[in-house]
Amino acid sequence: MSCKTNYTQGYSQATQATHASRTVDSDASPTDHILDVGCGPGTITVGFAGLISSQGSVTGVDISETVLEKAKQAVASGSIVTEGKKVTFLQADLLSHHGLPFKDATFDVVFSSQLFPHLSTYDMRIQALAEMRRDLKPGGILATRDAAHLHFYPQPPAVPARYDLNQLWACNMLRPLGTRHLPGGDMPCLFLQVGFNVDKVRIGAGTTAYTHEKARKWFAEASKGRLEQGETFRQSWLEVGITDQEIEDTKVALDIWVALDGAWYVAVQAQILGWK
């Protein structure tokens, strides 16, 4: 039996567009065996293929068979390229009683991107991180990247308070996740709790920023798509008491933000490395 995650974003085209925009940057060795946990549509997973030789391998796991099927189809069709390297996608539940279906110390690198916001409790996050560490070889690297803060600019009074995306988007998106803050900033302490030595944990930070009109428009259109009628993401908002009017205000606010010269968005990403 697994613990139920709070994943509420669904697997529609609009949601997968935001997930597919992620990229990979790593110091992987050419012979590494790499595991990508919560791989979604596989765009990061296949990015690892360019970092390994034919002796290495890349495995992506996700709880959703639906989204994995899309990743497999994309590889088979050639729309995402694996460069002839061994890339495998596997449905698995990180929080199941038996954990992931791998022997201890199987992988040289275990990676996840934006996984931990969907694990709402401390216990779930500890269980997930401990399982990822179990799969890691001695000397291997566990790497996580999770949002710590989201900010939209400008803020009121430069925009009407009714259309403040820091409330309408950044705060409201946390409500279906069952949390008041994003987990990125807590990740170093979680690494220590599951057995990493403090001198073998490296804390870093990066940003995701949309600073010009074209990027703002892409983000806004993808976000509005997730708020359309019938979308799982929209339904998750309604289920926690966010009203239809607030959702419509969010769409209007995104349009205002796109059109406003000097507007921008930044997500602060906690990037943590731990050596086993």
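In the predicted model, Asp 32 is buried but takes part in no salt bridge, the nearest side chain of opposite charge being that of Lys 137, at a distance of 6.8 Å. Because a salt bridge requires a side-chain nitrogen of Lys or Arg within 4 Å of a carboxyl oxygen of Asp or Glu, the 6.8 Å that separates Asp 32 from Lys 137 does not qualify. Asp 32 is placed in the loop that runs between helix 1 (13–20) and strand 1 (33–37). When residues up to four places away in sequence are not counted, the contacts of Asp 32 are with Ile 52, Gly 56, Ser 57, Asp 108 and Val 109.

The protein chain as a whole comprises 9 helices and 7 strands, and 51% of its 276 residues count as buried. Among contacts in the protein chain with a separation of 6 or more, 77% are accounted for by residues 24 or more positions apart.

An open sheet of 7 strands is present, in which the strand order is 3-2-1-4-5-7-6 and the pairing is mixed. Strand 3 (87–91) and strand 6 (201–210) form the edges, each of them pairing on one side only. On average, and with direction ignored, neighbouring strands of this sheet are turned by 20° against each other. Within the sheet, strand 1 is paired with strand 2 (residues 57–62) in the parallel sense over 5 bridges, and Ile 34 is found opposite Val 58 of strand 2. Helix 7 (residues 213–226) packs on the sheet, where it touches strand 5 (136–153), strand 6 and strand 7 (264–275), and the direction of helix 7 makes about 95° with that of strand 6.

Helix 7 also contributes to the ionic contacts, of which a search of the whole structure finds 12 that are salt bridges. Lys 224 forms a salt bridge with Glu 221, with the closest N and O atoms 3.3 Å apart; both residues belong to helix 7 and, being 3 residues apart, are separated by about one helical turn. Lys 224 is buried, with a relative accessible area of 13%, whereas Glu 221 is partly exposed, with a relative accessible area of 43%. Lys 224 forms a salt bridge with Asp 255 as well, and here the closest N and O atoms are 2.6 Å apart. This pair links distant parts of the chain, with Lys 224 in helix 7 and Asp 255 in helix 9 (residues 244–259), 31 residues apart. Asp 255 counts as partly exposed, at 39% relative accessibility.

A further salt bridge joins Lys 251 and Glu 228, the closest N and O atoms of which are 3.5 Å apart. Distant parts of the chain are again linked by this pair, since Lys 251 belongs to helix 9 and Glu 228 to the loop between helix 7 and helix 8 (232–239), at a separation of 23 residues. Lys 251 is buried, with a relative accessible area of 12%, while Glu 228 counts as partly exposed at 39% relative accessibility. Both residues are members of a network of salt bridges in which Glu 228, Arg 234, Asp 244, Glu 248 and Lys 251 are linked.

With regard to covalent cross-links, the structure holds 0 disulfides. Of the cysteines, Cys 171 is partly exposed, with a relative accessible area of 35%, and Cys 189 is exposed, with a relative accessible area of 53%.

Several features of the backbone deserve separate mention. Most residues other than glycine have a negative phi, and most peptide bonds are trans. The peptide bond from Tyr 153 to Pro 154 is, however, cis, with omega near 0°, and Pro 154 lies in the loop between strand 5 and helix 5 (165–171). Pro 156 and Pro 157 are likewise joined by a cis peptide bond, for which omega is about 10°, and Pro 157 is located in the loop between strand 5 and helix 5. Ala 105, although not a glycine, has a positive phi of about 55°; this residue is situated in the loop between strand 3 and strand 4 (107–113) and counts as partly exposed, at 30% relative accessibility. A positive phi, near 60°, is also found for Gln 114, a residue other than glycine, which occupies the loop between strand 4 and helix 4 (122–134). Gln 114 is buried, with a relative accessible area of 14%.

Definitions and conventions. Residues are numbered from 1 along each chain as its sequence is written. This is a predicted model: local features need pLDDT of at least 70, side-chain atom pairs count only at pLDDT 80 or more; totals for chains, interfaces and linings use all residues. Side-chain values use heavy atoms; hydrogens and water are left out. Helices (H or I, at least four residues) and strands (E, at least two) are DSSP runs, numbered from the N terminus. Buried means under 20% relative accessible area, exposed over 50%, partly exposed in between (1.4 Å probe, protein chains only). Lys and Arg count as positive and Asp and Glu as negative; His and the chain ends are not counted. Contact means heavy atoms within 4.5 Å. Two strands pair if DSSP finds at least two bridges between them. Axes are lines fitted to C-alpha atoms, for helices over the stretch in contact, and angles run from 0 to 180 degrees between N-to-C directions. A disulfide is a pair of cysteine sulfur atoms within 2.5 Å.
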